Amino acid sequence: MMTDPIADMLTHIRNAVAARHPRTTMPGSRIKSEIARILKDEGYIHDYKVFSEGSKHSLTVSLRYGPGGERVISGIQRVSKSGRRVYVKKDAVPKVLGGLGISIVSTPQGLMTGAESRRRGLGGEVICAVW
């Protein structure tokens, strides 16, 4: 039984990048699709696709590498865990590596990057950090 599906998604991506795989497939959900959308918009992955077979959903993420094969995602970390939730106010949204990475925040208006959350003046739960 999986207790934290988001951490499982991040681990799939982390392991696939470490092994230099072109893509990885995992069980899908709406929040995982939103995280993949943010990663695509920020340029960390090429694309993502959601497949549905009846009630089963799967998510395929196409990973991105530099021209010399260097990793675009050098680190991805779950911040708010099932045993310890991390909530921040609008003026305490964390910057990752001084702005070189992104944080993904779950706000009342949906999932967004930390920069977008600061711009809109929203706080929420910090889901993960990517650099």
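Colleague: Which strands does α1 lie across, and at what angle does it run to β1?
Modeller: α1 lies across β1 and β3, and its direction is at about 160 degrees to that of β1. Helices (H or I, at least four residues) and strands (E, at least two) are DSSP runs, numbered from the N terminus. Axes are lines fitted to C-alpha atoms, for helices over the stretch in contact, and angles between N-to-C directions run from 0 to 180 degrees. Contact means heavy atoms within 4.5 Å.

Colleague: What kind of model is this?
Modeller: It is a predicted model, in which local features need pLDDT of at least 70 and side-chain atom pairs count only at pLDDT 80 or more, while totals for chains, interfaces and linings use all residues. Residues are numbered from 1 along each chain as its sequence is written, and side-chain values use heavy atoms, with hydrogens and water left out.

Colleague: And α2, which strands does that one cross?
Modeller: α2 lies across β1, β2 and β3, and runs at about 160 degrees to β2.

Colleague: What is the strand order in that sheet?
Modeller: The three strands form an open sheet in the order β1-β3-β2, with antiparallel pairing. Two strands count as paired if DSSP finds at least two bridges between them. β1 (23-27) and β2 (45-53) are at the edges with a single partner strand each, so one side of each has no neighbour in the sheet. On average, neighbouring strands are turned by 20 degrees against each other, direction ignored.

Colleague: How many bridges join β2 to β3?
Modeller: Eight, and the two strands run antiparallel. I45 stands opposite L63 in β3.

Colleague: Back to α1. Which of its residues are buried?
Modeller: I6, M9, L10, I13, A16 and V17. Buried means under 20% relative accessible area, exposed over 50%, and partly exposed in between (1.4 Å probe, protein chains only). These residues cover an arc of only 130 degrees around the axis, which puts them on the same side of α1. The arc is taken from the directions from the helix axis to the C-beta atoms.

Colleague: What do they pack against?
Modeller: The buried residues of α1 pack against β1, α2, β3, β4 (76-78) and β8.

Colleague: How many residues are in the largest nonpolar core?
Modeller: It has 24, and those with the most contacts inside it are I13, I35, L39, I73, I104 and V130. A nonpolar core is a set of buried Ala, Val, Leu, Ile, Met, Phe, Trp, Tyr and Cys residues joined through side-chain atoms within 4.5 Å. At least two residues each come from α1 (5-18), α2 (30-41), β3 (56-63), β6 (102-107) and β8 (124-130). α1 gives the most, with six residues.

Colleague: What does I73 touch?
Modeller: I13, V17, Y44, I45, V130 and W131, leaving out residues up to four places away in sequence. Apart from this core lies another, of five residues, among them V86, V88, V93 and V105.

Colleague: Changing topic: is D4 buried or exposed?
Modeller: D4 is buried, at a relative accessible area of 15%. D4 is in the segment before α1, and touches R78, K81 and S82, again not counting residues up to four places away in sequence.

Colleague: What is the phi of R20?
Modeller: About 60 degrees, a positive value although R20 is not a glycine. R20 is in the loop between α1 and β1 and is partly exposed, with a relative accessible area of 44%.

Colleague: And where is L97?
Modeller: L97 is in the loop between β5 (87-88) and β6. Its phi is also positive, near 50 degrees, in a residue other than glycine, and L97 counts as exposed at 52% relative accessibility.
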